[in-house]
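Got the viewer open and a selection box ready? Let's walk through this one stop by stop.

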Amino acid sequence: MEKTGKRPNFLLWGFILISLVVHLLVFLHAAGIYESRAISYIELSMHPLDKPDVRKIPRPRRREQAPKAAAIKTVQVKKVHIPNIQVTAMEDPKLQKKFRIDLPQLPGSMDVAGFSVPGLTIANGVANVQVHEAPVEFINAKDYFEMLHLRIYSFKRYPESARSNHIEGRVKVQFVLSADGTLTDIKILKSSRHKRLDEAAIEAIQRSAPFPRPPSFIFKTPVTLRIDILFELA
């Protein structure tokens, strides 16, 4: 009967041997016996600290010198004698003559029944003159809108009940103007949520009518307009 033995584990012994060598090198390096040839260098830069930092200010640009004026030649001016002239007033008898204009004598009472004057009416001896406003000319639509805005706001009245209760609001109103500037239709597009303010906005536009005629070369009548009337306490 043959006897078989275990084969030695060379791999394990190899790892053990390598481990012993590594530990030996670490021990020698720690003890200072073994020094590696690899030397590390650290670069250091040194700056002098005895001189403080100086702020460099750029030099101003050199100004060019003004050119020197050439020598000025003096010129002798001859004196001119101006004679003294004496002016005397002359009296003209023709100019001193007084003129008299005789005004025509007007009668104490005059019958004006035969006269016809536009805009003049006579009733019971009293003459009544009707003054017609001259038409206002507008260059563009912006000028006409500004006039409408100022006219409506000049007729706006803040309700006393709303003022005492500190009520404010904005009312958006739409209205229609005819060719002669009369108001044909008016309605509220957006209420202020306060009935008294809405009524005051309508009354302001109604009091402003009639308006100046819309320019025919800008608008095609009837014209539909919208305006925001603000009620705000100062």
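Here is a tour in a handful of selections, from the whole chain down to single residues.

**Whole chain**

Keep in mind that you're looking at a predicted model. Colour by secondary structure and you should find four helices and five strands. Going along the sequence, they come in the order α-β-β-α-α-β-β-α-β. Switch on the surface: the chain exposes about 23,100 Å², with carbon and sulfur atoms supplying 58% of that area. Of the 234 residues, 15% count as buried. As for contacts with a separation of 6 or more, 69% of them are between residues 24 or more positions apart.

**Stop one: helix α1**

Select residues 10-31, which is helix α1, and pick out W13 in it. Is W13 buried or exposed? Its relative accessible area is 57%, and the cut-off for exposed is over 50%, so W13 counts as exposed. Now add L12, I16 and L20 to the selection: together with W13 they make a nonpolar surface patch of about 440 Å².

**Stop two: helix α4**

Next, select residues 195-208, helix α4. With 14 residues at 1.5 Å each, this helix should span 20 Å, and the C-alpha atoms at its ends are indeed 20 Å apart, so expectation and model agree. Then show side chains for L197, D198, A200, A201, I202, A204, I205 and S208, the buried residues of α4. What covers them? The cover includes two helices to bring up, α2 (141-154) and α3 (160-164), along with the strands β3 (169-177), β4 (183-190) and β5 (223-231).

**Stop three: an aromatic cluster**

There are four aromatic pairs to be found in the model. Begin with Y144 and F219: the ring centres are 5.4 Å apart and the planes sit at 50 degrees, so this pair is tilted. Y144 belongs to helix α2 while F219 is in the loop between α4 and β5, and the two are 75 residues apart. Both are buried: Y144 has a relative accessibility of 1%, and F219 has a relative accessible area of 14%.

Add F145 to the selection. Its ring centre is 5.6 Å from that of F219 and the planes are at 55 degrees, so this pair is tilted as well. F145 lies in helix α2 and F219 in the loop between α4 and β5, so the pair ties together parts 74 residues apart in sequence. F145 itself is partly exposed, at 39% relative accessible area. Together, Y144, F145 and F219 form one aromatic cluster.

**Stop four: two cis prolines**

Stay with the loop between α4 and β5, where P210 is placed. The peptide bond joining A209 and P210 is cis, with omega about 0 degrees. P222 also lies in the loop between α4 and β5. Zoom in on the bond between T221 and P222: it is cis too, with an omega of about -5 degrees.

**Stop five: positive phi**

Which loop holds H166? Look between α3 and β3. H166 is not a glycine, but has a positive phi of about 55 degrees. With a relative accessible area of 65%, H166 is exposed.

Finish at R193, in the loop between β4 and α4. Its phi is near 70 degrees, again a positive value in a residue other than glycine. R193 counts as exposed, at 80% relative accessibility.

Definitions and conventions. Residues are numbered from 1 along each chain as its sequence is written. Side-chain values use heavy atoms; hydrogens and water are left out. The expected span of a helix is 1.5 Å times one less than its number of residues. Buried means under 20% relative accessible area, exposed over 50%, partly exposed in between (1.4 Å probe, protein chains only). Contact means heavy atoms within 4.5 Å. Patches are made of residues with over 30% relative accessible area and no salt bridge: like charges are joined within 9 Å, nonpolar side chains (Val, Leu, Ile, Met, Phe, Trp, Tyr) within 5 Å. Accessible areas come from the Shrake-Rupley method with a 1.4 Å probe; for residues, only the protein chains shown count as cover. A salt bridge is a side-chain nitrogen of Lys or Arg within 4 Å of a carboxyl oxygen of Asp or Glu. Rings of Phe, Tyr and Trp (its six-membered ring) pair if their centres lie within 6.5 Å; planes under 30 degrees apart count as stacked, over 60 as edge-to-face and the rest as tilted.
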